[in-house]
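Let's take a walk through this protein together. Have the chain open beside you as you read.

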Amino acid sequence: MKKQMELIKEIDITLVLGILILVIGTFIGTYLINLSNRRSNTKRINALEENFFAQTKKLSMQSKEIETISGNILEISKDIAGIAGESSVTLKQNQTISDEVLSISHGLKVTIDQLSSVSSSIQNLNRVNNNILNLIREENKEKGELKLKVKHAKSYSFVIGGNLFQVSRVELVKGYTVILPIFQLRIPLVLRIEGTNLFVSSTIKNINNEITIEIIENKWSLNRNHGFSVNYDESGIEILNEHGLVSFQLNVKNNILSIAMIHYTEDHVYIVPGGKGGVNIDSRPEDGILTEEMKNKASLTKRIFVHHGDFYIGKRLENPM
């Protein structure tokens with residue numbers, strides 16, 4: 001029994017020791033395993049720490065770069081803000097300028113419209129003026145007033161039909177009826193002087209006894225049915241007949257009055273040329289037509305005025321023809 005008890009004790013001790021060894025072994029094994037795991041974890045942790053520090057360093061560097069970039073962005077933002085401010089001012093200025101331009105444009109449009117209206121009115125006025133001018137031109141060809149001038153003198157010389165004679169101022173102040181020398185023929189031409197003004201009165205007729213032009217104290221009126229052209233200035237007057245021949249011409253130069261004309265009486269035709277030619281007298285044709293010989297004699301009187309164009313009144317020929 002005692003052996004059994006001892007055997008049981010040995011078994012118990014052995015079992016306890018075995019269990020203890022197992023427990024200690026298990027503990028040690030667990031510890032070693034945990035230690036191993038801890039070391040492994042430590043390495044991993046160290047690796048993670050190193051990676052963390054590396055990433056942190058990288059992030060720190062990136063942070064600095066970001067800070068630099070942020071600073072640059074801030075500066076750029078300031079510049080942009082400045083530019084935006086300037087742009088805002090410029091936009092306001094541009095808007096102001098735009099408004100002024102629009103206002104000016106509107107003003108110009110109004111002005112252009114007004115100018116257009118004025119231009120239209122001027123064109124209409126020009127048309128009216130042109131019409132009036134044309135009427136005046138035509139009227140000037142049909143009637144007008146002479147403004148003949150002479151110098152103050154005691155006597156005046158007359159050249160008519162190649163004859164030269166003197167007429168006193170006293171006679172001219174009273175009114176002098178011109179007489180053809182030699183023939184002692186009074187012609188329908190009265191001259192009068194008042195101061196330095198020379199006044200003419202005459203009635204010029206054609207071969208058919210029809211009035212070509214009538215002059216009363218320098219106021220003349222041309223019969224367009226029988227007279228074809230008249231021109232004059234302060235020194236003379238010239239009338240052409242239907243043949244283009246000088247039917248009457250008075251020219252004043254240095255107080256010398258030169259007279260040329262074609263004068264008709266009941267029986268004769270007097271051709272009084274200008275210059276030195278003598279008076280030609282022919283029988284009046286029964287058919288009322290000038291003969292070629294008469295025309296040739298009358299053509300010796302040279303024209304001294306222009307008789308063509310729109311503005312020929314008052315113009316003289318440079319070379320009388």
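In this predicted model, strands β8 and β9 make a hairpin with 2 residues between them. One turn residue, E217, has a positive phi of about 50°. The two strands of the hairpin run antiparallel and are joined by 4 bridges.

Strand β9 also pairs with strand β1, again in the antiparallel sense, over 3 bridges. A good residue to find here is S221 of β9: E214 stands opposite S221, and K143 has S221 as its bridge partner too.

Here are the two pairings of β9 side by side:

| Strand paired with β9 | Residues of that strand | Sense | Bridges |
|---|---|---|---|
| β8 | 211-216 | antiparallel | 4 |
| β1 | 143-145 | antiparallel | 3 |

Which residues of β9 lie on its covered face, and which on its uncovered one? W220 and L222 are on the covered face, while K219 and S221 are on the uncovered one. In a regular strand, side chains alternate between the two faces of the sheet.

Now for the interior. The largest nonpolar core has 38 residues. F158, V178, L191, L198 and L250 are the ones with the most contacts inside this core. Strand β6, residues 185-194, supplies its largest share, with 5 residues. A second, separate core holds 9 residues, including I207, L245, V269 and M294.

What does L250 touch, leaving aside its neighbours within four places in sequence? Its contacts include L148, L191, L198, V200, I237, L257 and I259. S235, G236 and S258 are also in contact with L250.

Note on methods
Residues are numbered from 1 along each chain as its sequence is written. This is a predicted model: local features need pLDDT of at least 70, side-chain atom pairs count only at pLDDT 80 or more; totals for chains, interfaces and linings use all residues. Side-chain values use heavy atoms; hydrogens and water are left out. A nonpolar core is a set of buried Ala, Val, Leu, Ile, Met, Phe, Trp, Tyr and Cys residues joined through side-chain atoms within 4.5 Å. Buried means under 20% relative accessible area, exposed over 50%, partly exposed in between (1.4 Å probe, protein chains only). Contact means heavy atoms within 4.5 Å. Two strands pair if DSSP finds at least two bridges between them.
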